[in-house]
Amino acid sequence: MAAFLFKIGAPEQTRDERNVESKHGYVHEMFENIKDKPKNHSQGTLHKYQPNWKSLESRPLPSWYDDGKIGIFLHWGVYSVPSFVDVGNKGLGEWFWWYWKGRVTNGTTEGSNRARKNKESATKFMKENYPPGFEYTDFAPHFQAEFFEPDKWAELFHASGARYIVLTSKHHEGFPLWPSKWSWNWNAMDNGPHRDLVGNKSYNFVKILHIGDLAASVRKKGIKFGLYHSLYEWFNPFYLQDKNNNFTTQIFLKEKLTPELTDLVMRYKPDLVWTDGDWEAPSTYWNCTHFLSWLYNESPVKDTVVTNDRWGLDIRCKHGGFLTCDDRWVPDKQEKRKWENCMTIDKDSWGYRRNANIQDYYNMDELIQILVQTVSKGGNLLMNIGPTADGRIVPLFQERLTQLGQWLRVNGEAIYGTTPWTYEKDSSAEGVWYTSKQIQGQTVEWNGIIKLSALANFIDKNTKVTWIGYGEKIEWQSKDGLEIKIPRLYPHEMPCEWAWTFKIEKS
C-alpha cells in the first residue's frame with residue numbers, strides 16, 4: 001500500500017454520387033436499423049447496448065482512459081490563419097468567424113458584452129488588414145500547414161507524458177481536416193494544405209499524396225488518438241434550416257453530420273470521440289443514443305472507444321461517457337462518475353492567437369497545481385495547445401509540454417493509474433492534495449515541515465515515507481497525523497521543479 005505527496009511551489013459531388021462512391025454509404029440505413037430493429041442482423045441477436053441512456057451507461061469505461069490521466073487537446077483549423085482575438089476581452093481565436101459575421105445579441109450579460117467587444121475588434125481587424133470583399137472562406141488557401149511534421153509532434157507529445165491526444169477534426173466553422181465528401185471544397189484536401197491532416201487512409205474518390213499521418217505517428221509512440229468533432233456548424237444552410245424549424249427536421253444530420261461522423265470513425269478508428277457544439281438543440285435532434293448504440297455495438301472501436309457528455313442541451317453533465325460539463329470545469333467535490341477538465345495553456349483562447357502576451361499563458365507552477373487538483377478529485381486533464389496555420393507548435397507550448405514531461409518522469413507514479421483517496425486535500429496543510437494507488441496520495445506546499453492531519457488514522461510503526469526522486473532517507477514522525485521534515489538542499493539536489501511528491505507506504 002502506498003501514498004503520494006506532491007510539493008507545490010518548489011525553489012461538392014451530388015448526393016447520389018457520394019452514396020455510390022462512399023465506402024460507408026450504408027450509414028443512413030444502418031442508423032434506421034438501429035432505431036427500428038435493435039438487432040445485429042447478421043446474427044439475429046439483440047444489441048448489447050440499446051439506444052437509451054440506462055443501457056448505454058451500463059457499458060464500462062475502458063480502463064486506458066482513467067489510467068492515462070493526461071491528454072493534449074489540439075485546436076487547429078482555418079481560424080489558425082487570422083489567429084486573432086483582442087487581448088483582454090476573453091476572446092476565443094477559434095470563434096473568429098462568428099465574432100466577425102455572426103449575430104451578436106443585445107443582452108446585458110457578461111457574455112453578451114464580451115461578444116460585442118470581440119465583434120468590434122474582429123471587424124476592426126479585418127477592415128485594417130484585408131481588402132473590401134475579403135470573406136472568411138478566403139483564409140482557407142492560406143491554411144497551408146507547410147511545416148507540419150506529425151512525427152515531430154508525436155515526439156513532443158510523448159516527451160510531455162501525455163497518454164492521449166484529441167485533435168479537432170472539425171470545429172464550428174465546419175472545415176474538416178480530412179477529405180470529407182460531405183464538405184465539398186471546404187476541407188483540408190480540397191482547400192488549404194491539400195492533404196489529409198488526420199491520417200492517410202485512401203479511398204477510391206481521391207488519391208492522397210505526401211501525407212503526414214498524425215494518427216499513425218502518435219500511435220507509434222503508444223499514445224491514444226482521439227478526435228474532436230463539432231456537432232453544429234454556424235453557417236451551414238442545412239443546420240440553419242433545421243434550426244429555423246425548431247429542430248423538428250433533421251436535414252443537417254442526414255446530409256452532413258451522421259455520414260461524416262460515421263466516416264470519421266470508420267477511417268481513423270479513434271480511441272476517443274469528443275463531441276461539442278451541442279448546446280442549441282436537444283439530444284433527440286442529434287440522434288445521439290442511436291449513434292452511440294452503433295459505436296458501442298458495431299463500430300471497429302466498439303470495445304475501446306471513450307466518449308464524453310456533449311450530446312445535447314439536455315444531456316451535458318448528466319449522461320454520456322465521462323463528464324466535461326463545461327470548459328475548465330472542476331467539481332467542488334469528488335464526482336461519482338469519471339470526468340475531465342478540458343483547459344487551455346493560453347488562459348483564454350483555444351485556437352492560436354498571434355497577439356498573446358507571456359502573461360496570457362499559464363506558467364508551470366500553475367499548470368502543475370491544476371493537474372494535481374484535477375487528478376486528486378478523480379478527473380483527467382486535457383491540456384490544450386493551438387498549432388499555427390503553417391503547422392508549427394510554437395516554442396512556448398513546446399517548453400510547457402517538455403517541462404510537464406520532466407516533472408512526470410519523476411512523479412508520474414503518483415498520477416498515472418491512481419484513484420481519489422478518502423480526502424482530496426488536507427485541511428491542516430495549505431496546498432496538500434491526495435491521490436491513491438491501492439491506498440492514497442497527497443500534494444503539498446513547502447514550509448520546511450509538512451503536517452498532514454488527514455493521515456492520523458493511517459500512520460503506524462510499519463509506515464515508510466519516501467521522497468520520490470530523492471535517494472536519501474527523510475525524517476518524519478507521527479504527531480497528530482504525519483509530520484515530514486524536508487531537508488535543506490541546494491537547487492541542483494532537488495528531485496524536480498514546481499511540485500514534489502512523497503510516497504507513504506504501509507505494509
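Select strand β14, residues 463-467, in this predicted model: the covered face carries Thr 463, Val 465 and Trp 467, while Lys 464 and Thr 466 make up the uncovered face. Keep β14 in view and add strand β17, residues 501-506, which pairs with β14 in the antiparallel sense over five bridges. To follow one of these contacts, pick Trp 467, whose bridge partner in β17 is Phe 502.

Next, move to helix α14 by selecting residues 395-411, a run of 17 residues that reaches 24 Å from the first C-alpha to the last, close to the 24 Å expected at 1.5 Å a residue. Colouring the helix by accessibility should bring out its buried positions, among them Leu 396, Phe 397, Arg 400, Trp 407 and Asn 411.

Phe 397 also leads to the second largest cavity, since Phe 397 belongs to its lining together with residues including Thr 344, Asp 346, Trp 350, Arg 353 and Asn 384. About 30 Å³ of space lies in this cavity, and its lining is made up of four nonpolar, five polar and two charged residues.

For the largest cavity, with a volume of about 110 Å³, select Thr 258, Leu 261, Trp 286, Asn 287 and Phe 291, which are the closest to its centre of the eleven lining residues. Helices α10 (251-268) and α12 (288-297) are the elements that each give two or more residues to this lining, and α10 provides the largest share, four residues. By class, the lining divides into eight nonpolar, three polar and no charged residues.

Stay on α10 and display the side chains of Asp 263 and Arg 267, which meet in a salt bridge at 2.8 Å, N to O. Both residues are buried, and they sit four residues apart in the helix, about one turn.

Then select Arg 310 and Asp 327, another salt-bridged pair, at 3.0 Å, N to O. Both lie in the loop between β8 and β9, so the pair ties together parts that are 17 residues apart in sequence. Arg 310 is buried, with a relative accessible area of 1%, whereas Asp 327 counts as partly exposed at 31% relative accessibility. Adding Asp 276, Asp 278 and Arg 316 to the selection completes one network, joined by salt bridges that share partners.

Finish with Arg 337 and Glu 57, whose side chains meet in a salt bridge at 3.5 Å, N to O. This pair links distant parts of the chain, 280 residues apart: Arg 337 is in the loop between β8 (306-307) and β9 (339-344), and Glu 57 is in the loop between α3 (53-56) and α4 (63-68). Arg 337 is partly exposed, with a relative accessible area of 27%, and Glu 57 is partly exposed at 30%.

How values were computed: Residues numbered from 1 in each chain as written. Predicted model: local features only at pLDDT ≥ 70, side-chain atom pairs only at ≥ 80, totals over all residues. Heavy atoms only, no water. 1 Å grid on protein atoms, 1.4 Å probe; cavity = no way out; pocket = protein on both sides within 12 Å on 5 of 7 lines; lining within 4 Å. Points joined across faces, edges and corners; volume = space filled by probe spheres on them. Nonpolar A, V, L, I, M, F, W, Y, C, P; charged D, E, K, R; others polar. Expected span 1.5 Å × (residues − 1). Buried < 20%, exposed > 50% of the residue type's maximum accessible area, 1.4 Å probe, protein only. Pairing = 2+ DSSP bridges. Salt bridge = Lys/Arg side-chain N within 4 Å of Asp/Glu carboxyl O.
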